[in-house]
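Colleague: I would like to understand the reasoning behind the words used for a structure like this one. Could we go through them slowly, one term after another?

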Amino acid sequence: MEEAKSTSYVGVSPRKFPRGFKILAHSLQTLCQVIFNSVEKFYVPGGDVTCYYTLTQHFIPRRKDWIGIFRVGWKTTREYYTFMWVTLPIDLNSESTMQQEVHFKAYYLPKDDEYYQFCYVDQDGVVRGASIPFQFRPENEEDILVVTTQGEVEEIEQHNSELCKENQELKDSCASLQKQNSDMQAELQKKQEELETLKSVNEKLEQKVKEQKDSWETELLRLKEQNQKIASENEKMGVRVDQLQAQLSTQEKETEKLIQGEQDKTEQLEHLKKENGKLFLSLTEQREQQMKLKLTVEELKQKEATATKKQQELTDQNFDLSKRLSENQTICSVLQRERERMERENDLLKRENSRLMSYMGLDSLPYQIPTSDQGGAGQNPGLVYGNPYSGIQESSAPSLLPKKCPICKSDIADDIFDHTLEEQHIQTLYLNCPICDKSFSAKEKQIFEDHVFCHTL
């Protein structure tokens, strides 16, 4: 009876232990890596609980391992009631450090009388050990006298015998697992020997890699020397490009693109240091590109000559057009001033005509249409107002005395066209600029000519 009570079963209630229960070899081996010691059958509620456990030599604890209190019958490690983090031992090789313990405070412990057990869970969520079931109940419960019948006693004894039988089966299974563990230890030793062999081979390979690295470094130095030669050639080419820039000032942007292309080639050469097999092919491609650049420069020279010639032609055409435009503007200005002069002369003639009409008294004559009885024999029937000179007395004719010019004080004949002659006489006293219409005195002819010449500059 006592032997059945002290047997540890993981996740199974001792009240209803299933018949035919079998544990897989892997699971049992995993659960034996941590052994719980001094587990009581029951703990008094309201007090702290100390859990003692031992780490086996094949198990190495980690920082996030923990011990939980699980209700018997649990299925996953998430069904814990409470848990505590484990304390990592300082020296794993010392036997004293294998004995560990954790303390559970009373207010975290269960309050019912169900069966619970301790389980050690590593940081990967794998259960590495489990204790026998226990309860949380008062001590006086064991002092209660239990009266059972003979049938119940026989049933308990039969159940006890079955449990003993299953316990023996578990012991046999444990012995088999221990044997398997020994075999696995031998296999592990064999694997370690193979690992040592692989380490030796790895060292040889590392030596070969080092020798190959030295060979590559030598090759890299040779490639650097070749690159320096190529860089020297590129510098000469850059000088040549600068000379072309001075000659092709109008194609400065395209020359900058060529310089950028040279820089890109230099970067490609730096990249080709590590590619030994493609170096000579890259050099050939670079020479071809240099030839293309020379051809491009020749084409640019031709384009520049063509553009220069075309620009000269356009400049000549522009000069001719500007000259023609200036002449046309001069002619237009002269015509405009001639037109204004004609308009002024026309206005003077109109005023002179009005003055003469007023002088002869025609502006006060009524507008009459001649009839057959009113027209005299001496009148022209084609004149609407009659003969304008018929009523004029000889004594009323203006005197033909000469007039004085208000500017030069010279004599001007006073006849019918005296105002026109006066206007023409005044215009002869001034010189007008045909471009800006500025007036100069006839005495300042040299100044006028210098002024007109300045417009042509």
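Modeller: Gladly; please keep in mind that this is a predicted model. We can begin with strands β1 and β3, which run antiparallel and are joined by four bridges.

Colleague: How do you know that β1 and β3 count as a pair?

Modeller: Two strands pair if DSSP finds at least two bridges between them, and four bridges join β1 to β3, so the condition is met. As one example from this pair, F36 has Y53 in β3 as its bridge partner.

Colleague: What makes β3 and β6 a pair?

Modeller: Six bridges join strand β3, residues 49-55, to β6, and the cut-off is at least two, so these antiparallel strands pair as well. Among the facing residues, T50 has H103 in β6 as its bridge partner, while Y53 stands opposite Q100 in β6.

Colleague: Why are β1 and β6 called edge strands?

Modeller: The open sheet has three strands in the order β1-β3-β6, with antiparallel pairing. Strands β1 (34-37) and β6 (99-104) each pair on one side only, and that is what makes them the edge strands. From one strand to the next, the twist averages 30 degrees.

Colleague: How do you know that β3 is mostly covered?

Modeller: A residue is called buried when its relative accessible area is under 20%, and five of the seven residues of β3 are buried, so the strand is described as mostly covered.

Terms used. Residues numbered from 1 in each chain as written. Predicted model: local features only at pLDDT ≥ 70, side-chain atom pairs only at ≥ 80, totals over all residues. Heavy atoms only, no water. Axes fitted to C-alpha atoms, helices over the stretch in contact; angles between N-to-C directions. Buried < 20%, exposed > 50% of the residue type's maximum accessible area, 1.4 Å probe, protein only.
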